[in-house]
Amino acid sequence: MRGVNRVMLIGNLGKDPDIQFLEGNIAVAKFPLATTETFKDRSGKLVSQTEWHTVVLWRGLAELAQKYLHKGSLVYIEGRLRTRSWEDKDNNRKFATEVVGDNLIMLDKRSEGNGHGGGIQGDEGMSGPHPGMGENEDLSF
């Protein structure tokens, strides 16, 4: 039986995406995403719980995130969990669990000329108002 590693998050960026270009000019963007759940406790008081997730986007998605997303942007991210490990300079083993995004939908309301509100899928073009559009084509809205 095969396993399923699928994550769907709606949240706000904690800071602007940080983009780096790896060997071969491959773009990778990383940013923190906050998801907040609100519920009532036993006494009926509203309680908010915020979780922070590290989101990683590759190639065209990374470049589009850098262009259109900023701190506070509301987004839907779909992807998978990946856990990395490494040794720091003191030979301590470190771990990081990240969400590798395959699909990104910008949920901010559109305002004049800001380009928000579209959906983007990794390496497959757009998934929103302009299906089938390649990542190298003009993305002005």
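Which residue does the side chain of K94 meet in a salt bridge? In this predicted model, the partner of K94 is D88, and the N to O distance between the two side chains is 4.0 Å. Side chains of opposite charge can pair when their charged atoms come close. A search of the whole structure finds 7 salt bridges, and the points below describe some of them after an outline of the fold.

**Overall fold**
- The protein contains 1 helix and 8 strands, and from the N terminus on these elements follow the order β-β-β-β-α-β-β-β-β.
- Of the 141 residues in the protein, 34% are buried, while the accessible surface comes to about 9,400 Å², with 47% of that area belonging to carbon and sulfur atoms.
- When contacts between residues at least 6 apart in sequence are considered, 51% of them join residues at least 24 apart.

**Salt bridges of R6**
- R6 pairs with E78, their closest N and O atoms lying 3.4 Å apart; R6 sits in the segment before β1, whereas E78 belongs to strand β5, 72 residues away along the chain.
- D102 also forms a salt bridge with R6, with 3.0 Å between the closest N and O atoms, and this pair joins strand β6 to the segment before β1 across 96 residues.
- R6, E78, R80 and D102 are linked in a network of salt bridges.

**Exposure of the paired residues**
- E78 is buried because its relative accessible area is 18%, which is under 20%.
- R6, at 41% relative accessibility, is partly exposed, and D102 is likewise partly exposed at 27%.
- In the other pair, K94 is partly exposed at 35%, and D88 is partly exposed at 21%.

Technical notes: Residues numbered from 1 in each chain as written. Predicted model: local features only at pLDDT ≥ 70, side-chain atom pairs only at ≥ 80, totals over all residues. Heavy atoms only, no water. Helix = DSSP H or I, 4+ residues; strand = E, 2+ residues; numbered from the N terminus. Buried < 20%, exposed > 50% of the residue type's maximum accessible area, 1.4 Å probe, protein only. Contact = heavy atoms within 4.5 Å. Areas by Shrake-Rupley, 256 points an atom, 1.4 Å probe, with all protein chains shown as cover.
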